[in-house]
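Colleague: Could you take one part of this protein and walk me through it slowly? I am new to reading structures, so please go step by step and show me how that part connects to what lies around it.

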Amino acid sequence: MYTTRTGLILGFHGCDKSVVEKVILGKEPLKKSENAHDRLGHGIYFWETARPVLWNLPPIYLKDRPERSKAPIKNPAVLGAIINLGFTLDLMDYQNLQLVKQGYDLLSSDNSIPMPQNLPSHKDDELLNRELDCAVIQTLHTVREETKEQSFDSVRGVFWEGGELYPTAGFREKDHIQLSIRNPNCITGFFLPRDLDQNYAKV
């Protein structure tokens, strides 16, 4: 009942400036990511906050880890999107987490393939190469399709990354929420994010 999200949210996608221009003008759609390490399974990825805009920096996964993108990123840019999550696999929901656990149990019971692993990146100890998580979520999607259950339009997850904000903090420098949009019809429109007007008089 509560898996369907009502209302619209904003998402932010990091890519090359040339891609932004083509998508905004309607010349081409955003392409689905189908990498083995996609942490929320295959889909079109967005941040749920304007983190790359507010930092005034190229998106971290393009700036710090260019090998994560198949196409070379020459001019990093940010594309905004208006999104309806629809029937979503929200990984901050207890019931959905149990579904993901079932996906893992099914995957681990298949002895015909080697078990994928979540591995740290080459620069730090954070588990950024999420091949296991991707395989688990994709297994869940496949099983639902095979059993004629409703397919998820999107996947939503929270990630704790970066150093502690302060000693023993429960918050980290790069905590964020990511979205994987499986159903492109969830994206109702695109826009160009703008910077704050620093000259506006504060009240």
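Modeller: Happy to! Let's begin with Glu48, Asp90 and Arg156, which a network of salt bridges links together. Please keep in mind that this is a predicted model.

Take the two links of the network one by one. Between Glu48 and Arg156 there is a salt bridge whose closest N and O atoms are 2.7 Å apart. This pair connects distant parts of the chain: Glu48 sits in the loop between E3 and helix H2 (51-54), Arg156 sits in strand E8, and 108 residues separate them. The other link is the salt bridge in which the side chains of Arg156 and Asp90 meet, at 2.9 Å from N to O. Since Arg156 belongs to strand E8 and Asp90 to strand E5, this pair ties together parts that are 66 residues apart in sequence.

Which members of the network are buried, and which are partly exposed? A residue counts as buried when its relative accessible area is under 20%. Asp90 has a relative accessibility of 3%, so Asp90 is buried. Arg156, at 15%, also counts as buried. Glu48 has 22%, so Glu48 counts as partly exposed.

The structure holds seven salt bridges, and another one is worth a look here. Glu161 forms a salt bridge with Arg39, with 2.7 Å between the closest N and O atoms. Here too, distant parts of the chain are linked: Glu161 is in the loop between E8 and E9, Arg39 is in the loop between helix H1 (17-24) and E3, and they are 122 residues apart. Glu161 counts as buried because its relative accessibility is 4%. Arg39 counts as buried as well, because its relative accessibility is 4%.

Now let's turn to the strands around these residues. E8, the strand that holds Arg156, pairs with E9 in the antiparallel sense over six bridges. In that pairing, Val155 has Ser180 in E9 as its bridge partner. E3 pairs with E9 too: E3 (residues 44-47) and E9 (residues 176-181) run in the antiparallel sense, with four bridges between them. Two of the residues facing each other there are easy to find: Phe46 has Leu179 in E9 as its bridge partner, and Trp47 stands opposite Gln178 in E9.

How many of the residues of E9 are buried? Six of its six residues are, so to put it in words, E9 is mostly covered. To see how they are arranged, it helps to know that in a regular strand the side chains alternate between the two faces of the sheet. In E9, His176, Gln178 and Ser180 point one way, while Ile177, Leu179 and Ile181 point the other way, and all of them are buried. Strand E3 is likewise covered on both faces: Ile44 and Phe46 are buried on one side, and Tyr45 and Trp47 are buried on the other.

From the strands we can move on to the nonpolar residues. The largest nonpolar core has 16 residues, and those touching the most other members are Leu40, Leu89, Leu91 and Val100. Two or more residues of this core come from each of strand E5 (86-90), helix H4 (94-108), helix H5 (131-146) and strand E8 (154-159). H5 gives the largest share, five residues.

Leu40 is a good residue to click on, as its contacts bring us back to names you have already met. Beyond its neighbours within four places in sequence, Leu40 is in contact with several residues, including Tyr45, Leu91, Val155, Arg156, Gln178, Leu179 and Ser180. Apart from this core lies another one of 15 residues, among them Leu30, Ile44, Leu179 and Ile181.

Finally, here is the wider setting. The protein has five helices and 10 strands, and 41% of its 203 residues count as buried. Among contacts between residues at least 6 apart in sequence, 70% join residues at least 24 apart. On the outside, the protein exposes about 12400 Å², with carbon and sulfur atoms supplying 54% of it. A nonpolar patch of about 380 Å² on the surface is made by Ile24, Leu25, Phe190 and Leu192. Leu192 is in the segment after strand E10 (187-191), and with a relative accessible area of 56%, Leu192 is exposed.

Key:
Residues are numbered from 1 along each chain as its sequence is written. This is a predicted model: local features need pLDDT of at least 70, side-chain atom pairs count only at pLDDT 80 or more; totals for chains, interfaces and linings use all residues. Side-chain values use heavy atoms; hydrogens and water are left out. Patches are made of residues with over 30% relative accessible area and no salt bridge: like charges are joined within 9 Å, nonpolar side chains (Val, Leu, Ile, Met, Phe, Trp, Tyr) within 5 Å. Accessible areas come from the Shrake-Rupley method with a 1.4 Å probe; for residues, only the protein chains shown count as cover. A salt bridge is a side-chain nitrogen of Lys or Arg within 4 Å of a carboxyl oxygen of Asp or Glu. Buried means under 20% relative accessible area, exposed over 50%, partly exposed in between (1.4 Å probe, protein chains only). A nonpolar core is a set of buried Ala, Val, Leu, Ile, Met, Phe, Trp, Tyr and Cys residues joined through side-chain atoms within 4.5 Å. Contact means heavy atoms within 4.5 Å. Two strands pair if DSSP finds at least two bridges between them.
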